[in-house]
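User: Please walk me through this model in a few questions.

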Amino acid sequence: VDQGGLLKLKQHEFATQTDIVIMKDCPCCACSRNVSRARIHALLKAQNVLGVQLLTQHNVCYMMGLVQRMREAILQHRFSDFVHTFLQAHFSDQPQ
């Protein structure tokens with residue numbers, strides 16, 4: 001997830017997030033069809049293949065978007081700024 005890093009949707013905290021998609025404004029099948037984190041959590045807990053498929057589609061979509069943003073940063077000669085911002089957002093414990 002862009003804003004804050006990793007989500008472990010099998011964890012119990014996501015069982016009640018019935019009105020939140022994996023990532024806001026994501027064009028993947030799960031997010032664009034408003035499949036909630038709670039629904040995906042339930043599918044994963046039930047070992048339903050659909051849960052894994054939706055997560056895989058989301059992850060591929062996220063990675064494609066990330067690569068596109070990286071490519072744009074390279075073409076605009078601001079890749080080092082992109083890397084710094086990305087690392088701060090995903091791997092820093094301190095607020096930005």
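Here is a short round of questions and answers.

Analyst: This is a predicted model: local features need pLDDT of at least 70, side-chain atom pairs count only at pLDDT 80 or more, and totals for chains, interfaces and linings use all residues. Residues are numbered from 1 along each chain as its sequence is written, and side-chain values use heavy atoms, leaving out hydrogens and water.

User: Which helices do the buried residues of helix 2 pack against?

Analyst: Helices are DSSP runs (H or I, at least four residues), numbered from the N terminus. Helix 2 spans residues 37–45, and its buried residues (under 20% relative accessible area, 1.4 Å probe, protein chains only) are Arg 37, Ala 38, Ile 40, His 41, Leu 43 and Leu 44. Contact means heavy atoms within 4.5 Å. The partners are helix 1 (29–32) and helix 3 (49–75).

User: Which element gives the most to the largest nonpolar core?

Analyst: Such a core is a set of buried Ala, Val, Leu, Ile, Met, Phe, Trp, Tyr and Cys residues joined through side-chain atoms within 4.5 Å. It has 18 residues, and Ile 40 and Leu 54 are among those touching the most other members. Helix 1, helix 2 and helix 3 each give two or more residues. The top contributor, with four residues, is helix 3.

User: Is His 77 buried or exposed?

Analyst: His 77 lies in the loop between helix 3 and helix 4 (79–91). Its phi is positive, about 55°, although it is not a glycine. Most residues other than glycine have a negative phi. Exposed means over 50% relative accessible area; because His 77 has 76% relative accessibility, it counts as exposed.
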